Amino acid sequence: MGGIPELQVKVRTHDLRNKTKADLTKQLDDLKQELASLRVQKVAGAAGSKLAKIHDVRKSVARVNTVISQTQRDQLRIFYKGKKYIPLDLRVKKTRAIRRRLTVAEKSAKTLRQTKKEQHFPLRKYAVKA
């Protein structure tokens, strides 16, 4: 056929996570080259098995891209941990209402007047006869 060797089509995600970024980009280039050759064969009128392989290669490209972006985001999260401001796309999504909600410190905050009132007039305890 062509000068491009047949690659392992099904890529396992857990295998990708152990690789370096350089290895991942090299694998991505190889997969894209294989995909291009498969598309050329499709136009030339290749067998059905080659056409089915296009799907697997496309999904493998997606897996590699996903692992690259996830590891990049994880590294960014580590970099911004403990900093005052975090980029919007790295912040916790939750819901708009939850993000607007008072924090625990804001909820438990009391005015000076309220603290004095609680200190000087505590709740009375009554002994109830049974």
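The following questions and answers concern a predicted model.

Me: What are the ground rules for numbering, confidence and atoms?
Reply: Residues are numbered from 1 along each chain as its sequence is written, and side-chain values use heavy atoms, with hydrogens and water left out. As the model is predicted, local features need pLDDT of at least 70 and side-chain atom pairs count only at pLDDT 80 or more, while totals for chains, interfaces and linings use all residues.

Me: How many helices and how many strands does the protein chain have?
Reply: Helices (H or I, at least four residues) and strands (E, at least two) are DSSP runs, numbered from the N terminus. Read from the N terminus on, the elements run α-α-α-α-α-α. The count for the protein chain is 6 helices and 0 strands.

Me: What is the radius of gyration of the protein chain, and what does the globule rule give for 130 residues?
Reply: The radius is taken over C-alpha atoms, and the globule rule is 2.2 Å times the number of residues to the power 0.38. The C-alpha trace spans about 95 × 40 × 25 Å along its principal axes. The protein chain is more spread out than a compact globule, because its radius of gyration is well over the rule's value: 30 Å against 14 Å.

Me: What percentage of the 130 residues count as buried?
Reply: Buried means under 20% relative accessible area, exposed over 50%, and partly exposed in between (1.4 Å probe, protein chains only). Areas come from the Shrake-Rupley method with that 1.4 Å probe, and for residues only the protein chains shown count as cover. In the protein chain, the buried share of the 130 residues is 17%.

Me: Which residue forms a salt bridge with Lys26?
Reply: A salt bridge is a side-chain nitrogen of Lys or Arg within 4 Å of a carboxyl oxygen of Asp or Glu, and the count by this rule comes to 4. Lys26 is exposed at 52% relative accessibility, whereas its partner is partly exposed at 23%. The two are 4 residues apart in helix H2, about one helical turn. With the closest N and O atoms 3.3 Å apart, the partner of Lys26 is Asp30.

Me: Are Lys53 and Glu34, which form a salt bridge, buried or exposed?
Reply: The closest N and O atoms of Lys53 and Glu34 are 3.3 Å apart. Lys53 lies in helix H3 and Glu34 in helix H2, so the pair ties together parts that are 19 residues apart in sequence. Both residues are buried.

Me: What is the N to O distance in the salt bridge of Lys110 and Glu118?
Reply: Lys110 is partly exposed, with a relative accessible area of 48%, and Glu118 is partly exposed at 39%. Their side chains meet in a salt bridge with an N to O distance of 3.1 Å.

Me: Which residues gather in a patch of positive charge on the surface?
Reply: Patches are made of residues with over 30% relative accessible area and no salt bridge, like charges being joined within 9 Å and nonpolar side chains (Val, Leu, Ile, Met, Phe, Trp, Tyr) within 5 Å. Lys and Arg count as positive, Asp and Glu as negative, and His and the chain ends are not counted; a charge is placed at NZ of Lys, CZ of Arg, CG of Asp or CD of Glu. The positive patch consists of Arg39, Lys42, Arg58 and Lys59. The elements that give two or more residues to this patch are helix H2 (21-44) and helix H3 (48-80).

Me: What is the phi of Lys94?
Reply: Lys94 is in the loop between H3 and helix H4 (96-100) and is exposed, with a relative accessible area of 56%. Most residues other than glycine have a negative phi. Phi of Lys94 is positive, near 50 degrees.

Me: How far apart in space are Thr13 and Val67, C-alpha to C-alpha?
Reply: Thr13 is in helix H1 (residues 13-16) and is partly exposed, with a relative accessible area of 29%. Thr13 and Val67 are 54 residues apart in sequence, and their C-alpha to C-alpha distance is 7.4 Å.
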